[in-house]
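Student: Please take me through this model one question at a time.

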Amino acid sequence: MILVDLNQVMISNLMVQIGGKKDVEIDENIFRHMILSSLKGARKKFGGTYGELVICCDDRNFWRRQRFHPYKASRKKQRQQSNVDWSALFTILNMVREEIDTHFPYKVVRIESAEADDVIGTLCQATVNPEHFKQKYNIDIGYIEKDPVLILSGDKDFIQLHRYPNINQYDPVQKKRIKNNNPERYLIEHIAKGDRGDGVPNFISPDTVFIDGGRQKPLRAKYLSKLDGNIDQIEQSFLDEEEKRGWLRNRMLIDLDFIPDNIRQAILREFDKPEKGRDKMFNYFVKHKLKHLMENISEF
């Protein structure tokens, strides 16, 4: 199965295309064509090895933001300062996502309060241990056991999933595989360093350091070298209470093992819905005058 991180893939593609242009107007037809062409290209290139596409989507009101208010808090300000009409962009993106869900045979998984990361993390882990997921969530997903998986995204947050032997990742914008020789260590350092882009400080800094405009406490290499061994035992080894709290805060936000059970269950139930047919695609291509794509309709 090919897990498409829809927002990340499409927005990254768009940013490459518009470059440094100012006052960019988002054309609905061009954007639709771009999204569908990307999906067609991914299926043609990788479908023979990995199977069908699964469209993994972000919802609003992320559970991470509910638990940690600064999570991605700076994104809105950054978008207000950019040259892109983000409101129009997301309106078109959501519209095309609904069109794909209605007219195409692909599974589209969007769950209330979840991000695409949650969908991708849950489905990857389910392929590794489907029996555990079946028993815990009472959902029969044994049919995906040991399926090879390709994550279609340039997001390095997914490197932590590379520890599973059947999980691969490809960046469709840079057109290259993403690999890491030690995904376990990568996850430990990611938790320790945090993620400025997502508003997550390093684990020895206060929750609101980015919102307050302050500076993080320096996390030096010597400090990182002490974070060694089993990830589940690090907070028990030498961390004081404040460091332990920061570590657990960051692990909850970054480690995909910490996706809440209700989110996982909803993802698996949505994924387990019956397959859809391909009979609605032709009329959809005609309606939106997608002549060039319709010539290769069998590749969708």
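Tutor: A polar contact is a pair of N or O atoms within 3.5 Å; within protein, one must be able to donate a hydrogen and the other to accept it, and residues adjacent in sequence count only if both atoms are side-chain atoms. This is a predicted model, so local features need pLDDT of at least 70 and side-chain atom pairs pLDDT 80 or more, while totals for chains, interfaces and linings use all residues. Residues are numbered from 1 along each chain as its sequence is written, and side-chain values use heavy atoms, without hydrogens and water.

Student: Which backbone nitrogen does the side chain of Asp59 reach?

Tutor: Asp59 sits in the loop between β2 (53-56) and α3, where strands (E, at least two residues) and helices (H or I, at least four) are DSSP runs numbered from the N terminus. Beyond four places in sequence, Asp59 touches Arg110, Ile111, Glu112, Ser113 and Ala114, contact meaning heavy atoms within 4.5 Å. The polar contact, at 2.8 Å, is to the backbone nitrogen of Ser113.

Student: Is Asp59 buried or exposed?

Tutor: Buried means under 20% relative accessible area, exposed over 50%, and partly exposed in between (1.4 Å probe, protein chains only). Because its relative accessibility is 15%, Asp59 counts as buried.

Student: Which residue is 160 places from Asn13 in sequence and 6.0 Å from it in space?

Tutor: Asn13 lies in helix α1 and is buried, because its relative accessible area is 16%. Leaving out neighbours within four places, Asn13 has contacts with Met34, Ser38 and Val173. The partner 160 residues away, at 6.0 Å C-alpha to C-alpha, is Val173.

Student: How many residues of α6 are buried?

Tutor: First, its length: the expected span is 1.5 Å times one less than the number of residues. For the 13 residues of α6 that gives 18 Å, which agrees with the 19 Å between its end C-alpha atoms. Among the buried residues are Asp117, Asp118, Gln125 and Thr127, and the count for α6 is twelve.

Student: Which residue caps the N-terminal end of α11?

Tutor: Helix α11 (residues 241-254) has 14 residues and reaches 20 Å, close to the 20 Å expected. Its buried residues, including Trp247, Arg251 and Leu253, pack against α3 (63-67), α8 (183-193), α9 (221-226) and α10 (234-237). At the N-terminal end, the backbone nitrogen of Glu242 lies 3.1 Å from a side-chain oxygen of the cap, Asp240.

Student: Which helix gives the most to the lining of the largest pocket?

Tutor: On a 1 Å grid over the protein atoms alone, a pocket is an open set of points with protein on both sides within 12 Å along at least five of seven lines, a cavity is a set where a 1.4 Å probe fits but cannot get out, and lining residues have an atom within 4 Å of a point. The largest pocket holds about 1,200 Å³, and of its 38 lining residues the closest to its centre are Asp58, Phe62, Arg75, Arg79 and Phe90. At least two lining residues come from each of α1 (6-18), α4 (75-80), α5 (86-103) and α6 (116-128). With seven residues, the one giving the most is α5.

Student: What volume does the largest cavity have?

Tutor: One cavity of 30 Å³ or more is counted. Of its 13 lining residues, Asp117, Asp157, Asp198, Leu253 and Ile254 are the closest to its centre. The volume of the largest cavity is about 110 Å³.

Definitions and conventions:
Points joined across faces, edges and corners; volume = space filled by probe spheres on them.
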